Amino acid sequence: MKELSLHILDLAQNSLKADANKVIITIVEDLEKNKFIIEIEDDGKGMDKELLKIADDPFFTTRKTRKVGLGLSLMKATAERCDGNFKIESKKNKGTKVLCSLKHDHIDRPPLGNIGETIMILLNNEQSVEIFYRHYYNKKSFTFNTLEVKEMLKDVDIRTNEVLLWIKDYINENIKNLYTV
């Protein structure tokens, strides 16, 4: 995939398919340590030990519509290609955490991409989900929490076009501000 946000979208959609009510997405960019870390955690169905052993195999999937499962395996390949690590932790009926680290300055590290659009797509589905997004860039940070947005909106559905477009722009603008001096 050409952008990390697409990897994040794919993995977070796995969380939704696992009936997660809450998805926490954390990005850490630490230039001093040359680290780019992505963590996606959910409270979905989780996996037992046997399933966890084969979850990142590209020729395994729980889907009925295709015979390959590329999301985890592509993310793992990206991490390894960028001198990083990839790890999945999961407990049946508790949830799953995917942790991916890459060298920040690695020539093969894809750009972050459009995280605002990724969050917007995740929110624009039939399943109600709470999304917590945290982004750290050196000493600066930005957080986004759908619970706070829903509280401000009161009776307005967070999935209306106007709100989703506002969320996309709000997230992207605040991430952009992290990179300014």
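Helices and strands are here DSSP runs, numbered from the N terminus, and two strands pair if DSSP finds at least two bridges between them. The model is predicted.

**Exercise 1. Describe the hairpin of β1 and β2 and find its residue with positive phi.**

Solution. Start with the pairing: β1 and β2 run antiparallel and are joined by eight bridges. One of the bridges can be located by its residues, since the partner of E29 in β2 is F36. Next, look at the connection, which has four residues between the strands. N34 is the residue with a positive phi, near 55°.

**Exercise 2. Work out the strand order of the open sheet and state which strands stand at the edges.**

Solution. Strands of a sheet pair through backbone hydrogen bonds, either parallel or antiparallel. On the other side of the hairpin question lies the pairing of β1 with β5, which is parallel over eight bridges; I27 has H135 in β5 as its bridge partner. Strand β5 (residues 130-137) in turn pairs with β6 in the antiparallel sense, over six bridges, and F132 stands opposite N145 in β6. The full order of the six strands is β3-β4-β2-β1-β5-β6, with mixed pairing. β3 (85-91) and β6 (140-145) each have a single partner strand, so they stand at the edges and one side of each is left without a neighbour in the sheet.

**Exercise 3. Determine how the axes of α4 and α6 cross, and which residues meet.**

Solution. First place α4 (residues 115-123): this helix packs on the sheet, touching β1, β5 and β6, and its direction makes about 170° with that of β5. Then take the axes of α4 and α6 (residues 161-178), which come within 7 Å and cross at roughly 150°. Angles over 145 degrees count as roughly antiparallel, and the two helices are therefore roughly antiparallel to each other. Their crossing is right-handed. On the α4 side the contact consists of I115, G116, E117, I119, M120 and L123; these meet L164, L165, I167, K168, I171, N172 and I175 in α6. By class, the residues of this contact are nine nonpolar, two polar and two charged.

**Exercise 4. Classify the aromatic pair of Y137 and Y179.**

Solution. A pair of aromatic rings is described by the distance of the centres and the angle of the planes. The search of the whole structure finds five aromatic pairs. For Y137 and Y179 the centres are 4.7 Å apart and the planes stand at 80°, so the pair is edge-to-face. Y137 lies in strand β5 and Y179 in the segment after α6, so the pair ties together parts 42 residues apart in sequence.

Terms used:
Residues are numbered from 1 along each chain as its sequence is written. This is a predicted model: local features need pLDDT of at least 70, side-chain atom pairs count only at pLDDT 80 or more; totals for chains, interfaces and linings use all residues. Side-chain values use heavy atoms; hydrogens and water are left out. Contact means heavy atoms within 4.5 Å. Axes are lines fitted to C-alpha atoms, for helices over the stretch in contact, and angles run from 0 to 180 degrees between N-to-C directions. Angles under 35 degrees count as roughly parallel, over 145 as roughly antiparallel, 65 to 115 as roughly perpendicular and the rest as oblique. A crossing is left-handed if the near helix is turned anticlockwise from the far one by less than a right angle, and right-handed if clockwise. Ala, Val, Leu, Ile, Met, Phe, Trp, Tyr, Cys and Pro count as nonpolar, Asp, Glu, Lys and Arg as charged, and the others, Gly among them, as polar. Rings of Phe, Tyr and Trp (its six-membered ring) pair if their centres lie within 6.5 Å; planes under 30 degrees apart count as stacked, over 60 as edge-to-face and the rest as tilted.
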